[in-house]
Structure formats: structure tokens, C-alpha cells
Amino acid sequence: MGTVVNQTINVEYPLEESYRLLIARIAGSELFQKSPRLREFLSYTADCTLRHRLADVREQVIAERVFGRTGDFQSAQDSIVRAEARNLRKRLELYFATEGLHEPTVVSMPKGGYSLVFMPRMEEEEPLESVAPSLDTETVTPLIEIPRPRPAKEPAIYRKLSIALGVLAACTSILAFYFHSRDASATGGPGSAPIVPFSGLLNKVDDTLIVTSDTGFLQISFAAHRRLTLDEYMARTYPNVPDFEPLDLIHQWNIYEFTDAREVAVGDLIIHNYPQFASNITMRSGHEVQLQDFKDHNAILVGSPISNPWAQLYEDKLSFHCELDGSGIVFQNKSARRGELAKYPSSEDASHNYTYARLAFLPRAAGTGAVLMIAGTTAQSTQAAGEFVIDRARLSHTLRDIGIDPNGTPRYFEILLRCNNFVSGAILPEVVAARSSAQAKHEG
């Protein structure tokens, strides 16, 4: 069983017990002594995290169990959980910079959720330049990675997975820095008044969820050699995959939260460009949301329905259906027009390194509000579509071409992009097909 050394009293404890002792020291510190509500919040989220009860660290559940709200709690009207989470994050940062300066393990609550992360304290002199990951393929980043006891002879696949996840986690920071440092001139600059579709998604009253893929779900789909359904995902009733090694890997994909670093960067890019609405935007992985969230909030879904199953809520409303076939993820064109193909990518696209992405803006499943879907046949093309939708000049030109005033009343649309796929990512997206709500209604 894995152990860590508690530096204060020089005694070894099992890993989970050492984390609980750390939480007890934080809760008993001077910073938390006069904040009983934050102490209870910290203790509750720590217990849920360490027991892998991730369903219990949702905003609705926390509001009821920690803050005494009733079952009719509505986060749009009551921001108690989000407000106290911000206070808790600040208090944890301050603890590890002062009283907990010599703690070997650092605890944090990443934005976009309420689970805790326990990570070894990093040496300040460790250079960032030492991380040079390849971004050729879809990047998997752990949102929650809790070390757990493992057998003495750890399977090689676990070692490789742990190393890969550690390196790929760094990609999130690298990509976020890349997006933040881009020239803002093409986007109108952070803080600019939103145009369609963001004018229909972001405001200072309603909350908007940015939901990224659950890449564990994607891996299960690949292992099962078929597309899994949203019903299977919500019930966690995954198919049995005979002779799949190691035997508990699918179970681990189900428990832990993994998402795509490029998709996180797309969400970060949106928040960065509309900081005036940041307090009303929450970013989560698909693993951490539930059906009710899409009834209560506007949503931005990043990733295809194959890896982000919540996108299946809206798939039947679209002209370009996302499917999984022998060649990978493709878009099926339900009603091809003159000059359009029945399927993207085509058999010839591989020789040109073409990949595709779909932008779709449509009403949400229930109530008022809207949903934006950003999905690519590869992680690179999803990233390129995210950049395209933030590029005010290019997006405005495309919307006008299909009869939508980007500065007018929000109207719904669907845009299919083709991208040139390179080692460093997908670039030069060009519009190959587009639909507006007026066109769709006319055709129907």
C-alpha cells in the first residue's frame, strides 16, 4: 500500500489517512477557525473526493447538505455554493502559502467543480521547459486524479498511463497560456460586447455551463467497438468487453474524471474573451453534470457526441450527424445540397490531411435559452472550431452569408468547417456548408 511521510511527526501513514490528517490540519488552522461554514464545506468535499462519491459534490447536493437549502434550490437565483467555493479556493491558497508552507502535499479545488485535488508540492526550480509533449492525438487530461494504493507489482499499463497523464496534464497549462497570449485584435479584445452566438448564451443573470468531453467514455466506446448512448452513460451501464486488460480499467474510467486538454483550452478562450460574464460561467467535464443542468442553464458543449454524450440531447435537430464508423468519427449529411458530400471526411480527405468540425447554435432542450455545440472529428479540429467561433471577423462574415446579423437578435445556425490537420494542430478552417434557422425552416 502506498504511504507518505508526515513531516511534522515523522511517522508513515497510509495514503488516504495522510490526506485526511492534512484536511484536519487545514480545518484546524487559524485561517479556518473563524469560518465554520468553510470548514464544513472543506470536510464534506474532502470526504466525498476520498470516497470517490463524485455525484455528491454537485452544486445541488452541496447546497442541500452543507448549506441547508431545500430541494427546490435553483443555482440561477442562489449562488451560495459558487460564492463559498471561491472563498474556499482563496483560503486554501493562503494556507499553503503561510501556515501550510511546509506541507509536502497541496490541496486545491479546481475551478469548474467542487472536488478536491491532492498533489505533491512542486519544487519551484523545476523548469516548465522540461515538458515537451506531442499533441498529435487526442489529449487526455485528468480533472481529478487521486493517488490510490496499488499492488506491489503494478501493471505496466498503469505506469504508462500515470506518466502519460502527468505529462498531458501540463498540456492544459501550456495551451491555456497559448490562448491567453494570442493577439486579441482578431476577436475584438476581451470584454467586447458579444455577438451571435454568445449574445444568446452569456449574460449577467443566467448561468452558462461549458461542458467538455468525458474521454474515459470515449475510450470505453473504442474498446466496445461501438457508439455508446446517453442512456448508458447516465445509468453507467457499460457493455462488457471480454478479455480487456487490465480487468478493472473500464471501472477506473467510470470512476475518475478525464477530459481533453484542447477542449479545456477552448473553454478558457471563451472565458478569456468575455471576462465580464466569467462569474456566470462554469466549466465542467461531462462526468460532472447531470440532465437537470441542461434544463436549468445555457450550455456550451465542447467535443463530439462520441466523447461528450450530452451532445446526443441535440443531435436529432442537426443536419450534420456525428457518427462512429470504421475510419473514426465522421459527419453524416442528412440533407445534402448541390456540391455537398453525404459524409465528411470523405475517402479522399485523408490524403489531404483534412479533418472537419461542426458549430451548431440551437435552442436548449427545455425552457428558454440556447446551446452552442463545438465538435470535431479530431481534437485538433475541435480546437480549430473553437478558435473560429471566437474570431469575430470570420464568424460575422459567415453569419451574414447565411442571412444572420451577428449584432442582431440571436438566430440559430449550423456551420461545417474543413481544417488542414498538422502535427501542431488543425489550422486554416474554411466553411464548406452552413445552415441558418430560417433556411432550415424553409426547407422543412
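## Exercises on a predicted model

Three strands make up an open sheet, ordered β10-β11-β12, with antiparallel pairing. The model is predicted, so local features need pLDDT of at least 70 and side-chain atom pairs count only at pLDDT 80 or more, while totals for chains, interfaces and linings use all residues. Residues are numbered from 1 along each chain as its sequence is written, and side-chain values use heavy atoms, with hydrogens and water left out.

### Exercise 1: the sheet

Determine which strands stand at the edges of the sheet, and describe how β10 is joined to β11.

*Solution.*

Step 1. Apply the definitions: strands (E, at least two residues) and helices (H or I, at least four residues) are DSSP runs numbered from the N terminus, and two strands pair if DSSP finds at least two bridges between them.

Step 2. Find the edges. β10 (320-325) and β12 (343-344) each have a single partner strand, so one side of each lacks a neighbour in the sheet.

Step 3. Examine the pairing of β10 with β11 (residues 328-333): the two run antiparallel and are joined by six bridges. Within this pairing, D325 stands opposite G328 of β11.

### Exercise 2: salt bridges

State how many salt bridges the structure holds, and locate the partners of R284 and R227.

*Solution.*

Step 1. Apply the criterion: a side-chain nitrogen of Lys or Arg lies within 4 Å of a carboxyl oxygen of Asp or Glu. The structure holds 20 such salt bridges.

Step 2. Take R284. Its side chain meets that of E59 in a salt bridge, at 3.5 Å from N to O. R284 belongs to strand β8 (residues 281-285) and E59 to helix α4 (residues 59-65), so that distant parts of the chain, 225 residues apart, are linked. Both R284 and E59 are buried, where buried means under 20% relative accessible area, exposed means over 50%, and partly exposed lies in between (1.4 Å probe, protein chains only).

Step 3. Take R227. R227 forms a salt bridge with E323, the closest N and O atoms being 3.3 Å apart. R227 lies in the loop between α7 (215-224) and α8 (230-235), whereas E323 lies in strand β10, 96 residues apart. R227 is partly exposed at 22% relative accessibility, and E323 is partly exposed with a relative accessible area of 27%.

Step 4. Note two further cases. K317 and D316 form a salt bridge at 3.9 Å, N to O, and D316 is exposed at 55% relative accessibility. A network of salt bridges links E16, R20, D47, R51, R53, D56 and R65.

### Exercise 3: aromatic rings

Classify the ring pair of Y19 and F118 and that of F320 and Y344.

*Solution.*

Step 1. Apply the rule: rings of Phe, Tyr and Trp (its six-membered ring) pair if their centres lie within 6.5 Å; planes under 30 degrees apart count as stacked, over 60 as edge-to-face and the rest as tilted. The count by this rule is 11 aromatic pairs.

Step 2. For Y19 and F118, the centres are 4.4 Å apart and the planes at 15°, so the pair is stacked. Y19 lies in helix α1 (residues 15-27) and F118 in strand β4 (residues 117-120), so the pair ties together parts 99 residues apart in sequence. Y19 and F118 are both buried.

Step 3. For F320 and Y344, the centres are 6.4 Å apart and the planes at 65°, so the pair is edge-to-face. F320 lies in strand β10 and Y344 in strand β12, so parts 24 residues apart in sequence are tied together. F320 and Y344 are both buried.
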